[in-house]
Amino acid sequence: QIEKSLEHLRNLPAVKENNWIIEMSLIEGRKFVLVKDPQGQLIRKFPEADLWTLPVDLDDPKGQLLKKTA
């Protein structure tokens with residue numbers, strides 16, 4: 001199910017348009033989702049647990065990755 005959620009993030013229009021990289025990483029024993037730009041610079045890092053609480057707004061096709069409310 002984690003891989004399915006990561007794939008959903010990878011398919012968001014904003015992620016595709018900006019060629020962002022979505023990956024899972026183990027940091028200090030905890031899993032984090034990392035969002036990186038094409039040069040490998042970290043844009044956003046959030047705990048795996050937050051993956052399940054990201055809002056899905058069907059009226060906003062860009063997604064919620066970078067909004068302050070996400």
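**View 1. Three strands of the predicted model form an open sheet in the order E1-E2-E3, with antiparallel pairing.** E1 and E3 stand at the edges of this sheet, and because each has a single partner strand, one side of each is left without a neighbour in the sheet. From one strand to the next the twist averages 25°. Strands of a sheet pair through backbone hydrogen bonds, and they may do so in a parallel or an antiparallel sense. In the protein as a whole, the secondary structure comes to 3 helices and 3 strands, and the elements follow one another from the N terminus as α-α-β-β-β-α.

**View 2. Strands E1 and E2 are joined by a hairpin that has 2 residues between the strands.** E1 covers residues 21-27 and E2 covers residues 30-36, and the two pair in the antiparallel sense over 7 bridges. Ile21 can be found opposite Lys36, which belongs to E2. In the hairpin, Glu28 takes a positive phi near 50°.

**View 3. Strands E2 and E3 run antiparallel and are joined by 5 bridges.** E3 covers residues 42-47, and three of its residues can be followed here through the partners that face them. Phe32 stands opposite Pro47 in E3, Val33 stands opposite Phe46 in E3, and Val35 stands opposite Arg44 in E3. The hairpin of E2 and E3 has 5 residues between the strands, and within this hairpin Gly40 adopts a positive phi near 90°.

**View 4. The largest nonpolar core of the protein has 11 residues.** Its members are Leu6, Leu9, Leu12, Ala14, Val15, Trp20, Ile22, Val33, Val35, Phe46 and Leu51. Helix H1 (2-10), helix H2 (13-17) and E2 each supply at least two residues of this core. Two core members, Val33 and Phe46, also stand opposite one another across E2 and E3. Once neighbours within four places in sequence are left aside, the core residue Leu6 is in contact with Ile22, Met24, Val33 and Leu51. Across the protein, buried residues make up 33% of the 70 residues.

**View 5. Helix H1 lies across E1, E2 and E3.** The helix runs at about 140° to E1. Ser5 has its place in H1, and this residue counts as buried because its relative accessibility, at 17%, is under the 20% cut-off. Apart from neighbours within four places in sequence, Ser5 is in contact with Leu51 and Trp52, and Leu51 is also among the contacts of Leu6.

**View 6. Confidence varies along the predicted chain, with a pLDDT that averages 81 for the protein.** A score of at least 70 is reached by 74% of the residues. Among the elements of the protein, E2 has the highest mean pLDDT (94), whereas helix H3, residues 48-51, has the lowest (84). Over residues 66-70 the pLDDT stays under 50, and for this stretch the model has 10 contacts beyond four places in sequence. Where pLDDT is low, the predicted coordinates should not be read in detail.

**View 7. The accessible surface of the protein comes to about 4,900 Å².** Of this surface, 50% belongs to carbon and sulfur atoms. Turning from the surface to contacts within the chain, residues 24 or more positions apart account for 26% of the contacts with a separation of 6 or more.

Notes:
Residues are numbered from 1 along each chain as its sequence is written. This is a predicted model: local features need pLDDT of at least 70, side-chain atom pairs count only at pLDDT 80 or more; totals for chains, interfaces and linings use all residues. Side-chain values use heavy atoms; hydrogens and water are left out. Two strands pair if DSSP finds at least two bridges between them. Helices (H or I, at least four residues) and strands (E, at least two) are DSSP runs, numbered from the N terminus. pLDDT is the predictor's confidence in each residue, from 0 to 100. Contact means heavy atoms within 4.5 Å. Buried means under 20% relative accessible area, exposed over 50%, partly exposed in between (1.4 Å probe, protein chains only). Accessible areas come from the Shrake-Rupley method with a 1.4 Å probe; for residues, only the protein chains shown count as cover. A nonpolar core is a set of buried Ala, Val, Leu, Ile, Met, Phe, Trp, Tyr and Cys residues joined through side-chain atoms within 4.5 Å. Axes are lines fitted to C-alpha atoms, for helices over the stretch in contact, and angles run from 0 to 180 degrees between N-to-C directions.
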